[in-house]
Amino acid sequence: MTDTVLATKGLTKRYGNHLAADRVELTVGKGQIYGLVGRNGAGKTTIIRMVSAQTVPTAGEIFLFGATGKELSRMRARTGVMVETPSFYPYLTARQNLEYYRIQRGVPGKGTVDQVLEEVDLADTGKKTFKNFSLGMKQRLGLALALMNRPDFLLLDEPINGLDPEGIVEFRNLLLKLNRERQTTILISSHILPELANLATCYGFIDNGVMLEQISAQALEEKCRACIEARVDDPSAAALVLEQRLNIRDYEVLPGNLLRLYQELDRPQAVAKALVEGGVGLLSIESRGANLEDYFLSMIGGVRHA
Ligand SMILES: Nc1ncnc2c1ncn2[C@@H]1O[C@H](COP(=O)(O)OP(=O)(O)OP(=O)(O)O)[C@@H](O)[C@H]1O
């Protein structure tokens, strides 16, 4: 038994001269909702396709539920995958479309379709045909298809891309429910980091095929907390001044003489005044809002245009 659902070692995919995935190491633990984040073209789909055997890696290893090599295909039966919206028949209903795939894939049990439709809140769509579905409904039908074999591990490639805010919330709640009630481990990719907020328990940031960082949601939240950042000549003296004059206790000292304060967020002037009056050399001070997207952009070196 293993608590690691997916691990990749040196996973690489080369298209001609281009490395779509470059020695990617990622680890998804049991019960996690893993947010794979990267801009368009970063390599997210390529990774998901390699894990789900839709494309062959150039190099590297994939471990699913602890198994690798020849054992992998057996473990892939425990996964459900959604890469782009699957092709459904426009003139068939949700039920008819899923029944078609159920028979095609040899999934036993007629009740399966009703069960997954229920799970994705599409049980009441009756005679409505796929062509009249909203994008949110289409994505949920895609999710239903991925759920048909009762997977322990779901891999979803940009499933909330293009959904309206309401659709995003609906989809997010579905995933949270699956994770909570069925203990389904989920890997979900997105190019918009805040889309995964309140959902992912862990993040992997990818750019140009390279895994830049894996970080827990909690650690990321800590890093992205709203704060006042003050650059000073003497951080220890500055901290003492702030403790004594403003009773500030929640702060941290970072390299580069940087002080980060998590109190008095709406009073940066009072902080500046206290520092100056306390004899601290204040080089700069600014308020920083909580912003996940800024964190990601700072990691990949700002916005670049393809
Ligand atoms: N079949 C292919 N042949 C050649 N190049 C490819 C192929 N598939 C992907 N690529 C290239 O590999 C890189 C990574 O693509 P990939 O689709 O994995 O990125 P992504 O992060 O999923 O982005 P998107 O959200 O736009 O799909 C891109 O530069 C893409 O052009």
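Helices here are DSSP runs of H or I with at least four residues, strands are E runs of at least two, and both are numbered from the N terminus.

**Figure 1. The whole protein chain, as a predicted model.** By that count, the protein chain comes out with 10 helices and 13 strands. Its C-alpha trace spans about 75 × 45 × 40 Å along the principal axes. Of the 306 residues, 35% count as buried. If you look at contacts with a separation of 6 or more, residues 24 or more positions apart make up 70% of them.

**Figure 2. Two domains in one chain.** The domain assignment splits the protein chain into domain 1, residues 4–221, and domain 2, residues 225–289. Take the centres over C-alpha atoms and domain 1 sits 43 Å from domain 2.

**Figure 3. Close-up of the shell around the ligand.** There are 13 residues around the ligand, and the ones that come nearest are Tyr15, Ala20, Asn40, Thr45 and Thr46. Two elements give two or more residues to this shell: strand E2 (18–29) and helix H1 (44–51). Which of the elements gives the largest share of the shell? That's H1, with three residues. And what does the shell look like by class? Eight of its residues are polar, three are nonpolar and two are charged.

**Figure 4. Close-up of a four-stranded open sheet.** Read across the sheet and the strand order is E11-E12-E10-E13, with antiparallel pairing. Why do E11 and E13 each have one side without a neighbour in the sheet? Strand E11 (251–254) and strand E13 (282–288) stand at the edges, and each has just a single partner strand, so one side of each stays unpaired in the sheet. From one strand to the next, the twist averages 20°.

**Figure 5. Close-up of the E10 and E12 pairing.** Now zoom in on two strands of that sheet. Strand E10 (residues 227–232) and strand E12 (residues 258–261) run antiparallel and are joined by four bridges. Want a residue pair to find in the model? Start at Ala230, whose bridge partner in E12 is Leu259.

**Figure 6. Close-up of helix H9 on the sheet strands.** Which strands does helix H9 lie across? Helix H9, residues 268–277, lies across E10, E12 and E13. Relative to E13, helix H9 runs at about 160°. As for the strands under this helix, E12 and E10 are neighbours in the sheet order, with E13 following E10. Strand E13 is also one of the edge strands from the sheet view.

Key: Residues are numbered from 1 along each chain as its sequence is written. This is a predicted model: local features need pLDDT of at least 70, side-chain atom pairs count only at pLDDT 80 or more; totals for chains, interfaces and linings use all residues. A residue is near a molecule or strand if its C-beta atom, placed from the backbone, lies within 6 Å of it. Ala, Val, Leu, Ile, Met, Phe, Trp, Tyr, Cys and Pro count as nonpolar, Asp, Glu, Lys and Arg as charged, and the others, Gly among them, as polar. Domain bounds come from an automatic or database domain assignment. A residue is buried if 20 or more other C-beta atoms lie within 10 Å of its own, exposed if 12 or fewer, and partly exposed in between; C-beta atoms are placed from the backbone. Two residues are in contact if their C-beta atoms, placed from the backbone, lie within 7 Å. Two strands pair if DSSP finds at least two bridges between them. Axes are lines fitted to C-alpha atoms, for helices over the stretch in contact, and angles run from 0 to 180 degrees between N-to-C directions.
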